[in-house]
Amino acid sequence: MSNEKVCQRLYLGLDLSTQQIKCIVIDEQLQTIAEEAVSFNDQFSLIHHVQPNGFIVDKNDNRCITTPVFVFLEALDVLFQKLRNQKKFDFSNIVGISGCGQQHGSVYWKTKTELENLKNFHVTIDNNTEKSNEKDLYLVNLLKSSFSCINCPIWMDSSTTDECQLIEKSIGSAQNLFQITGSKAYERFTGSQIMKIANKTSEIYEQTERIQLISNFLASILLGEYAPIDLSDGSGMNLLDIRQYKWSKECLNICGKDLEKKLSDKLVHPRTALGTIAKYFVERYGFNSQCQIVSFTGDNPSSFYALASDAKTVVISLGTSDTVMASISGYEMPKQALDGHLLVNPLTDDRENKLLMLLLCFKNGSLVRERVREEISAKDWNQISELLSKTSPTNHGYIGFFYDDHEILPQNIQGRFYFNADDQQIDDLEGAYKARAVLEGQCLAKRLYLQRANIDLTNKVDRIVITGGASVNVDLVQILADIFGKPVYATFAPNSGALGGALRAIDVINHKPNSTTSTVECLIAAQPRHEYTVIYDEMLVRYAKLEDKIVKGTK
Ligand SMILES: Nc1ncnc2c1ncn2[C@@H]1O[C@H](COP(=O)(O)OP(=O)(O)O)[C@@H](O)[C@H]1O
Ligand SMILES: O=C(CO)[C@@H](O)[C@H](O)COP(=O)(O)O
């Protein structure tokens with residue numbers, strides 16, 4: 001190893017999201033040294049019986065959506081193997097690791113015995129039978145008896161409407177719950193998911209020693225001990241008092257017996273050093289034994305950390321879900337409960353500062369875009385581009401609502417709804433119109449809900465920064481710019497959740513107060529075209545009215 005390499009101080013960011021695990025390795029100058037990803041498809045669907053996207057939709061109730069905990073473990077193993085095979089850097093030069101996970105999903109530990117074995121692990125490889133020994137070292141095998149529930153409910157689950165109603169009723173009203181936790185009760189939020197397990201499968205709940213979010217679960221594996229939940233991801237549970245920075249005892253008591261013990265009373269800021277990496281990773285992959293693990297958080301707060309360089313930036317993630325994020329002052333909680341969520345802002349650890357993060361999440365994001373692409377027989381995104389060139393902005397008046405899965409905004413609506421220029425409902429749209437309708441409809445929804453959350457787009461927003469897999473789609477980005485009437489910027493790393501992890505690791509280890517957030521380079525991706533923004537303004541009014549009609553009609 002050259003001297004130069006030895007001195008290199010590297011930071012690893014991880015993102016355990018819905019369809020894959022991704023990572024980025026950067027140096028202190030924020031240069032990308034390596035990137036890697038492992039999709040939960042092919043090999044995972046065979047071994048763990050998950051569907052091609054990596055999750056399981058229950059055959060008897062399509063609202064129940066889970067991912068086996070072993071998919072997460074195997075994905076981490078495969079990721080590190082692939083990263084090592086790249087031979088781009090020495091793992092011993094990584095001085096800090098942080099990252100994030102898809103939000104709201106929950107993992108149920110029966111015991112930490114096997115987990116703590118990772119802390120003091122010693123690898124003995126018998127050269128003669130190296131192959132079988134290598135298998136014994138897989139995390140799925142080392143942790144095979146650790147969990148009380150194998151299939152973890154994930155954010156796509158919408159099966160807990162009854163539990164949500166019960167939570168709101170017990171706390172007085174949706175408004176009361178919003179005032180405490182920053183959100184009305186949402187099906188995917190961890191509180192109602194835990195309540196469902198506690199009430200419907202009490203034997204699992206009783207066997208459970210620790211309940212974690214996917215983010216602190218991943219941190220725990222790297223530490224070899226239980227890692228605490230962080231405040232930003234913890235805000236997505238309907239259990240945390242977002243202004244007091246502690247659990248709401250009232251909410252805990254409603255959702256499960258002895259729940260505080262199962263979650264742990266310790267909560268940390270997303271920028272907290274947790275300890276050094278477990279010996280297992282040192283022995284197996286050559287990590288440095290002094291490598292620090294910094295608290296993990298939700299994928300959206302982590303992206304926000306990486307990209308929201310000032311209060312006038314709105315961040316939009318176009319991943320499996322589409323999300324919209326903005327900073328919001330917490331001095332005055334909105335009088336009306338929002339359709340959306342307020343989270344502890346990862347950019348400040350100063351409670352007095354009272355800065356919150358607004359999060360809007362749309363469940364029907366990339367998977368719907370992909371499905372529409374297939375339906376209209378476009379073989380790739382370039383063909384979609386060709387089709388889009390046959391229509392023009394505002395789509396000759398055609399509007400589509402694509403709620404293939406039970407939507408979050410508006411809550412729990414399912415189905416497809418198409419309208420012509422006279423606002424009459426029609427059965428279907430012809431290919432080219434459908435291609436534009438899905439992209440325009442999704443972008444109009446983002447603007448509508450941002451407005452409903454009282455974000456003053458004209459005076460308080462300068463620019464939009466985009467991230468996520470679909471952020472490379474130039475057509476989608478242009479439509480976004482035209483509909484919002486704001487310039488859209490893209491970062492060099494569409495995988496900003498992982499980047500946010502690496503940046504937090506740098507900040508914590510070098511004792512910097514999120515100084516790195518403003519240094520991530522963003523390039524202009526699309527300028528708004530005024531003539532189209534004007535006609536989209538009119539279309540937004542129609543969109544809002546039609547959405548209202550759909551919501552009323554389906555209730
Ligand atoms: N050029 C493109 N246009 C539109 N969507 C794309 C494009 N490239 C990738 N995607 C979408 O990106 C999605 C994955 O995004 P990503 O942010 O990695 O998801 P997640 O983090 O939720 O696993 C895929 O479902 C895919 O459809
Ligand atoms: O439910 C939410 C946010 O509230 C989702 O945004 C999840 O956090 C999943 O993220 P992706 O895998 O789509 O990035």
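## A two-domain chain with two ligands

The protein chain folds into 23 helices and 27 strands. Its radius of gyration is 23 Å, close to the 24 Å that the globule rule gives for 555 residues, so the chain is as compact as a globular protein of that length. Keep in mind that this is a predicted model. Along its principal axes, the C-alpha trace spans about 75 × 55 × 50 Å. Of the 555 residues, 51% count as buried. If you look at contacts between residues at least 6 apart in sequence, 76% of them join residues at least 24 apart.

### The two domains

The domain assignment splits the chain into domain 1 (3-295) and domain 2 (309-555). Taken over C-alpha atoms, their centres are 26 Å apart. Where the two meet, domain 1 puts in 47 residues and domain 2 puts in 37. On the domain 1 side, the elements giving two or more residues include strands E1 (10-16), E2 (20-27) and E6 (94-101), along with helices H8 (174-181) and H12 (231-234). Strand E6 has the largest share of that side, with six residues. By class, the domain 1 side divides into 20 nonpolar, 20 polar and seven charged residues.

There's also a database entry to set beside this. UniProt lists residues 151-302 as "domain: Carbohydrate kinase FGGY N-terminal", in an unreviewed entry. Over residues 151-302 the model is 48% helix and 16% strand, and the end C-alpha atoms sit 25 Å apart.

### Where the ligands sit

Where does ligand 1 lie relative to domain 1 and domain 2? Both domains give residues to its shell, so ligand 1 lies between them. The shell around ligand 2 also takes residues from domain 1 and domain 2, so ligand 2 lies between them as well.

Here are the two shells:

| Ligand | Residues around it | Nearest residues | Classes in the shell |
|---|---|---|---|
| Ligand 1 | 15 residues | Ser-17, Gly-319, Thr-320, Gly-469, Ala-470 | three nonpolar, ten polar, two charged |
| Ligand 2 | 17 residues | Thr-18, Gln-103, Trp-155, Gly-319, Ser-321 | three nonpolar, twelve polar, two charged |

Gly-319 is among the nearest residues for ligand 1, and it is among the nearest for ligand 2 too. For ligand 1, helix H17 (residues 366-375) gives the most to the shell, with three residues. For ligand 2, helix H16 (299-307) and strand E21 (355-362) each supply at least two residues.

### Two covered helices

Helix H16 is worth a look in its own right. Nine of its nine residues are buried, so H16 is largely enclosed by the rest of the structure. Those buried residues include Asp-299 and Asn-300, as well as Phe-304 and Tyr-305.

Helix H21 (residues 474-484) is mostly covered, with nine of its eleven residues buried. Among the buried ones are Leu-476, Val-477, Ile-479 and Phe-484, and also Gln-478 and Asp-482. Right after H21 comes Gly-485, which has a positive phi near 65°.

### Backbone oddities

Most residues other than glycine have a negative phi, and most peptide bonds are trans. Here are some spots to check against that.

Ser-264 isn't a glycine, yet its phi is positive at about 85°. You'll find Ser-264 in the loop between helix H14 (259-263) and strand E14 (267-268). Is Ser-264 buried, partly exposed or exposed? It has 16 other C-beta atoms within 10 Å, so it is partly exposed; the buried class starts at 20.

Ser-377 is another non-glycine residue with a positive phi, near 55°. It sits in the loop between H17 and helix H18 (381-388). Because Ser-377 has 8 C-beta neighbours inside 10 Å, it counts as exposed.

The peptide bond joining Leu-409 and Pro-410 is cis, with omega about 5°. Pro-410 lies in the loop between strand E22 (399-403) and strand E23 (415-419).

### A loop that reaches back

Last stop: Asn-288, in the loop between helix H15 (279-285) and strand E16 (292-294). Asn-288 has 18 C-beta neighbours inside 10 Å, so it counts as partly exposed. Leaving aside neighbours within four places in sequence, Asn-288 is in contact with Ser-92, Ile-94 and Val-95. Gly-96 is 192 residues from Asn-288 in sequence, but their C-alpha atoms are 9.5 Å apart in space.

Notes. Residues are numbered from 1 along each chain as its sequence is written. Chains are lettered from A and ligands numbered from 1 in the order in which they are written. This is a predicted model: local features need pLDDT of at least 70, side-chain atom pairs count only at pLDDT 80 or more; totals for chains, interfaces and linings use all residues. Helices (H or I, at least four residues) and strands (E, at least two) are DSSP runs, numbered from the N terminus. A residue is buried if 20 or more other C-beta atoms lie within 10 Å of its own, exposed if 12 or fewer, and partly exposed in between; C-beta atoms are placed from the backbone. Two residues are in contact if their C-beta atoms, placed from the backbone, lie within 7 Å. The radius of gyration is taken over C-alpha atoms; the globule rule is 2.2 Å times the number of residues to the power 0.38. A residue is near a molecule or strand if its C-beta atom, placed from the backbone, lies within 6 Å of it. Ala, Val, Leu, Ile, Met, Phe, Trp, Tyr, Cys and Pro count as nonpolar, Asp, Glu, Lys and Arg as charged, and the others, Gly among them, as polar. Domain bounds come from an automatic or database domain assignment. UniProt positions are given in the numbering used here, feature names are shortened, and annotations may be inferred rather than shown by experiment.
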